[in-house]
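Reader: I am new to this structure and would like to be guided through it. Please show it to me before we begin.

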Amino acid sequence: TEGLAAQIRRAREAQGLTWYAVAKRAGIPNPNTVRDIEYGRDTKLSSVQAVVEALGLRLELVEV
């Protein structure tokens with residue numbers, strides 16, 4: 001699928017990073033938070049933003 005979770009997973013895998021490595025870069029103490037984001041589970045927007053930035057991506061809202 002082409003959702004936010006899939007894009008984050010693809011970016012992480014393309015950079016050869018583990019959930020732990022992304023969490024460390026993002027300043028998130030629990031690597032399971034990265035897993036939860038990739039699985040589309042409920043998580044804080046601030047965590048999603050931190051992960052996105054740690055992967056060199058940008059999170060933005062667009063009108064549909």
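Reader: Is Arg35 buried, partly exposed or exposed?

Author: The model shown is a predicted one. Buried requires a relative accessible area under 20%, and exposed requires one over 50%. The value for Arg35 is 23%, so this residue is partly exposed.

Reader: With which residue does Arg35 meet in a salt bridge?

Author: A salt bridge needs a nitrogen of Lys or Arg within 4 Å of a carboxyl oxygen of Asp or Glu. The N to O distance here is 3.2 Å, and the partner of Arg35 is Asp36.

Reader: Is Arg58, which forms a salt bridge with Glu60, buried or exposed?

Author: The closest N and O atoms of Glu60 and Arg58 are 2.9 Å apart. Glu60 has a relative accessible area of 47% and is therefore partly exposed. For Arg58 the value is 69%, so Arg58 is exposed.

Reader: Which residues are joined into one network by salt bridges that share partners?

Author: One salt bridge links Arg12 with Glu13, their closest N and O atoms being 3.9 Å apart. Through shared partners, the network consists of Arg9, Arg12, Glu13 and Glu38.

Reader: Which element gives the largest share of the largest nonpolar core?

Author: This core has 15 residues, and Ile8, Val22, Ala26, Ile28, Val51 and Leu55 have the most contacts inside it. Two or more residues come from each of helix 1 (4-14), helix 2 (19-26), helix 3 (32-38) and helix 4 (45-54). The largest share, 5 residues, is given by helix 4.

Conventions. Residues numbered from 1 in each chain as written. Predicted model: local features only at pLDDT ≥ 70, side-chain atom pairs only at ≥ 80, totals over all residues. Heavy atoms only, no water. Salt bridge = Lys/Arg side-chain N within 4 Å of Asp/Glu carboxyl O. Buried < 20%, exposed > 50% of the residue type's maximum accessible area, 1.4 Å probe, protein only. Core = buried A, V, L, I, M, F, W, Y, C linked by side-chain atoms within 4.5 Å. Helix = DSSP H or I, 4+ residues; strand = E, 2+ residues; numbered from the N terminus.
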